[in-house]
Amino acid sequence: MSTNRTATLTIDGKTHEFPIMVGTHGNDVIDIRTLGAKTGLFTYDSGYLSTASCQSTVTFIDGDKGELLYRGYPIEQLAEHCNFLEVAYLLKNAELPNKEQKTAFESTIKNHTMVHDQLTRFYNGFRRDAHPMAVVVGVVGGLSAFYHDALDMSDPEQRSITINRIIAKIPTIVAMAYKYNNGQPFMYPRNDLDYTANFMHMMFGTPCEEYKPNPVLTHALDTIFTLHADHEQNASTSTVRLAGSSGANPYACVSAGIACLWGPAHGGANEACLQMLEEIGDVSRVGEYIKRAKDKSDNFKLMGFGHRVYKNFDPRAKLMGKVCTDVLAELGLENDRLFKLAKELEKIALEDEYFIEKKLYPNVDFYSGIVQKALGIPTTMFTCIFALARSIGWMTQWEEMITDPEYKIGRPRQLYVGAARRDVKPLGQR
Ligand code: ACO
């Protein structure tokens, strides 16, 4: 929304006015879309520290307050009152479902959970010991080959079916990556189970023994899905938007998002965090690692700490801490070595001047690895679980972008600092 306020920029004595836009919450933004045309200058903002890349109605984060809203609803309330599919419905449709809408949505998703049988053969092309994220990136991208012709992005119905397909099939694809890795047969989805229980069945069930979901553990995983469902314009979401801005097939865009998520500075942090806890090994070594994290000459960072936006606390980390306590209690693992170590690390880091000054707090990934490990999910699958949950956020943001009347292909500019123009000398003269 534009306002009467403007920002004035003076360059070489000449002033230029730029409108200031306001949103519902959060920072106002200076609309500099005409800057290049008016002044011949670009802005420089590598890492997008001060740049709003779009207008969005999906998710809002107040990093100072430690607040996260999906479509206006606080994450704490959603985690308490809704399951993941209700949250997915909310993200997709901008409103929470009523009873009938919820039932209809659950039924639609259940009807899309199976993957094309030919897709199952993709897996054989991968090494058994391949990282499951590599497999999931490939297989999700491979969905493009199955649905490319049924994709008129100007048709809301076809967009809706595409989003439903992704929400429904990603648990099946992720669980198959796990089964392929450990050599067990793929498990077909079960329509008598809810979304998360069905995922656990496909992960942990075998044809020899029926999987019996534990409600506490299922609820914990469902909460993990909810907490990871969207997070405004983070690196992987921006990747999906940028890939989609060219009109690319949305399955390929999600695959690009998964690839970006894999990095240890983003979704790969939960895997890296657990590896770090294993490496520290004992409470007596926490001091040594805190020291390393503060040492500028050491590349080591405390995984699961710090966030680009949250500079007070990550509300998801608080909720995840509670989930962690519940799961460990249910499984009788209250004295789990890594959990104790994580608690001690958190305590020491939060009291340390370096972490206080730099506003470094535990993020969502700090406890999610411990919860997933307790659930029996291997470390290499952690980021796949994150990708599963984030797919609805990616698709919601993708749809918002391609239906935005101001939608344009994403095309950042640059400050060129390479060699000045020069002429090529023939080979013998170089
Ligand atoms: N341990 C030690 N020091 C840290 C950490 C950390 N985990 N995180 C940031 N710092 C320091 C940086 O070295 C930097 O110090 P400086 O000012 O002296 O140069 C300062 O804090 C600011 O950090 P930046 O990296 O500039 O902050 P940025 O916003 O770019 O990065 C990020 C945020 C990537 C999350 C970073 O904190 C990090 O790498 N954390 C560890 C990985 C992690 O947990 N990622 C998960 C993020 S949440 C998610 O994706 C779900």
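This note discusses the ligand site, the nonpolar core and one enclosed helix of a predicted model.

1. **Ligand surroundings.** The ligand is surrounded by 21 residues, and the closest of them are Leu302, Gly304, Phe305, Arg308 and Asn363. Sorted by class, this shell comprises 11 nonpolar, 5 polar and 5 charged residues.

2. **Polar contacts to the ligand.** Three side chains place a polar atom beside a ligand oxygen atom: lysine 296 at 2.9 Å, histidine 266 at 3.0 Å and lysine 301 at 3.2 Å. The protein buries 75% of the 920 Å² that the ligand exposes when taken alone.

3. **Nonpolar core.** The largest nonpolar core contains 112 residues, of which Ile258, Leu277 and Leu302 touch the most other members. Helix α18, spanning residues 382-402, gives the most to this core, with 13 residues. Leu302 thus appears in two settings, being listed among the residues closest to the ligand and among those with the most contacts to other core members.

4. **Contacts of leucine 277.** Leaving aside residues up to four places away in sequence, leucine 277 touches Leu338, Leu341, Ala342, Leu345 and Ile370.

5. **Helix α5.** Helix α5 (residues 132-142) is largely enclosed by the rest of the structure, because 8 of its 11 residues are buried. The buried residues are Pro132, Met133, Val135, Val136, Val137, Val139, Val140 and Gly142. Their packing partners are α6 (144-147), α7 (156-182), α11 (250-261) and α18. Helix α18 is also the helix that gives the most residues to the largest nonpolar core.

Key
Residues are numbered from 1 along each chain as its sequence is written. This is a predicted model: local features need pLDDT of at least 70, side-chain atom pairs count only at pLDDT 80 or more; totals for chains, interfaces and linings use all residues. Side-chain values use heavy atoms; hydrogens and water are left out. A residue is near a molecule or strand if one of its heavy atoms lies within 4 Å of it. A polar contact is a pair of N or O atoms within 3.5 Å; within protein, one must be able to donate a hydrogen and the other to accept it, and residues adjacent in sequence count only if both atoms are side-chain atoms. Accessible areas come from the Shrake-Rupley method with a 1.4 Å probe; for residues, only the protein chains shown count as cover. Ala, Val, Leu, Ile, Met, Phe, Trp, Tyr, Cys and Pro count as nonpolar, Asp, Glu, Lys and Arg as charged, and the others, Gly among them, as polar. A nonpolar core is a set of buried Ala, Val, Leu, Ile, Met, Phe, Trp, Tyr and Cys residues joined through side-chain atoms within 4.5 Å. Buried means under 20% relative accessible area, exposed over 50%, partly exposed in between (1.4 Å probe, protein chains only). Helices (H or I, at least four residues) and strands (E, at least two) are DSSP runs, numbered from the N terminus. Contact means heavy atoms within 4.5 Å.
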